[in-house]
Amino acid sequence: MKFIKFLLVGIVFGILLVKSEAVSWYRIYEMFRFQSFHMYGIIGTAVISGILFLQISKRGYIKSIKGADIFVPKKDNGITRYIVGGIIFGLGWALIGACPGPMYILLGTGVSSMLIVIAAAIVGTFIYGMLKSKLPH
C-alpha cells in the first residue's frame, strides 16, 4: 500500500500517453520522417517542464516528500558516450516504434508483441550490466 501512489500516477500517465497518441507507431513514424510537429510538441513540453522543475527545485522552492532539499549530482564530462548512447536509443526507438515507458503502455493496451521487445530490453540491460566495467565511460 506504501507504493500505491506510484502505481496510480503510472496509470494516469499511461492513459495520458495513449489519449495524446504519444505511443502511436504512426505518430512516431511521422516524427522520424519530420512530417508532423505532434511528437516534437509533446517532447518539447516535457523538456521545458523538466528544466523548469529542476530550476525551481535547485532554488529550494520544492522539497522532497520528506522535506529535504532535492539534490541533483553533476554528471561527468564527456560527450562521446552521450552521442553514442543517444544514437543507440534513437535507433531502437525508430526500429521498435516505442521507447521504454510506452513499451509497457502498449502491452497494457493489448499489443502482445511488446512482450518480445520488453524481454529483449531486459536482456540488453543485463548484458550491459555485465559488460559495464569493460566499456569506456
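Reader: Let's start with residues 78-98. How much of that stretch is helix, and how far apart are its end C-alpha atoms?

Author: Residues 78-98 are 81% helix and 0% strand, and the end C-alpha atoms sit 27 Å apart. Bear in mind that this is a predicted model. The stretch is one of those that UniProt, in an unreviewed entry, lists as "transmembrane region"; residues 38-57 and 104-131 are also listed there.

Reader: And what about residues 38-57?

Author: That span is 100% helix and 0% strand, with its end C-alpha atoms 29 Å apart.

Reader: What does the whole fold look like, in helices and strands?

Author: There are six helices and zero strands. Going along the sequence you read α-α-α-α-α-α. The C-alpha trace covers about 40 × 40 × 35 Å along its principal axes.

Reader: How do I check the length of a helix, say H4?

Author: Count on 1.5 Å a residue: the 17 residues of H4 should then span 24 Å, and the end C-alpha atoms are indeed 24 Å apart, so the two agree. Try H1 (residues 4-19) as well: its 16 residues should give 22 Å, and the end C-alpha atoms are 23 Å apart, which agrees.

Reader: What happens to the backbone just after H4?

Author: Gly-97 follows, with a positive phi of about 85 degrees. Look just after H1 too, where Glu-21 has a positive phi of about 65 degrees.

Reader: On to packing. Why do contacts on a helix often come in spaced sets?

Author: An α-helix has 3.6 residues a turn, so residues three or four places apart point the same way. Now take H2 against H4: Trp-25, Ile-28, Met-31 and Phe-32 are the H2 side of the contact, and Gly-90, Trp-93, Ala-94 and Ile-96 are the H4 side. By class, that contact has seven nonpolar residues, one polar and no charged.

Reader: At what angle do H2 and H4 pack?

Author: Helix H2 (residues 25-32) and helix H4 (residues 80-96) pack at about 130 degrees, with axes 9 Å apart. That makes the pair oblique. Their crossing is left-handed.

Reader: H2 also packs on H3. How do those axes cross?

Author: The axes of H2 and helix H3 (residues 38-58) come within 8 Å and cross at roughly 90 degrees. So H2 is roughly perpendicular to H3.

Reader: Which residues meet there?

Author: From H2 you have Arg-27, Ile-28 and Met-31; from H3, His-38, Met-39, Tyr-40 and Ile-43. Sorted by class, the contact of H2 with H3 holds five nonpolar, one polar and one charged residue. Ile-28 and Met-31 are worth picking out: they touch H3, and they are also part of the contact with H4.

Reader: Last pair: how do H5 and H6 pack?

Author: Helix H5 (residues 100-108) and helix H6 (residues 114-131) make an angle of about 150 degrees, and their axes are 9 Å apart. Angles over 145 degrees count as roughly antiparallel, and H5 and H6 are therefore roughly antiparallel to each other. H5 passes H6 in a left-handed crossing.

Reader: What sort of residues make up the contact of H5 with H6?

Author: Met-103, Tyr-104, Leu-106 and Leu-107 of H5 meet Met-114, Leu-115, Val-117, Ile-118 and Ala-121 of H6. The count is nine nonpolar, no polar and no charged.

Methods: Residues are numbered from 1 along each chain as its sequence is written. This is a predicted model: local features need pLDDT of at least 70, side-chain atom pairs count only at pLDDT 80 or more; totals for chains, interfaces and linings use all residues. Side-chain values use heavy atoms; hydrogens and water are left out. Axes are lines fitted to C-alpha atoms, for helices over the stretch in contact, and angles run from 0 to 180 degrees between N-to-C directions. Helices (H or I, at least four residues) and strands (E, at least two) are DSSP runs, numbered from the N terminus. Angles under 35 degrees count as roughly parallel, over 145 as roughly antiparallel, 65 to 115 as roughly perpendicular and the rest as oblique. A crossing is left-handed if the near helix is turned anticlockwise from the far one by less than a right angle, and right-handed if clockwise. Contact means heavy atoms within 4.5 Å. Ala, Val, Leu, Ile, Met, Phe, Trp, Tyr, Cys and Pro count as nonpolar, Asp, Glu, Lys and Arg as charged, and the others, Gly among them, as polar. The expected span of a helix is 1.5 Å times one less than its number of residues. UniProt positions are given in the numbering used here, feature names are shortened, and annotations may be inferred rather than shown by experiment.
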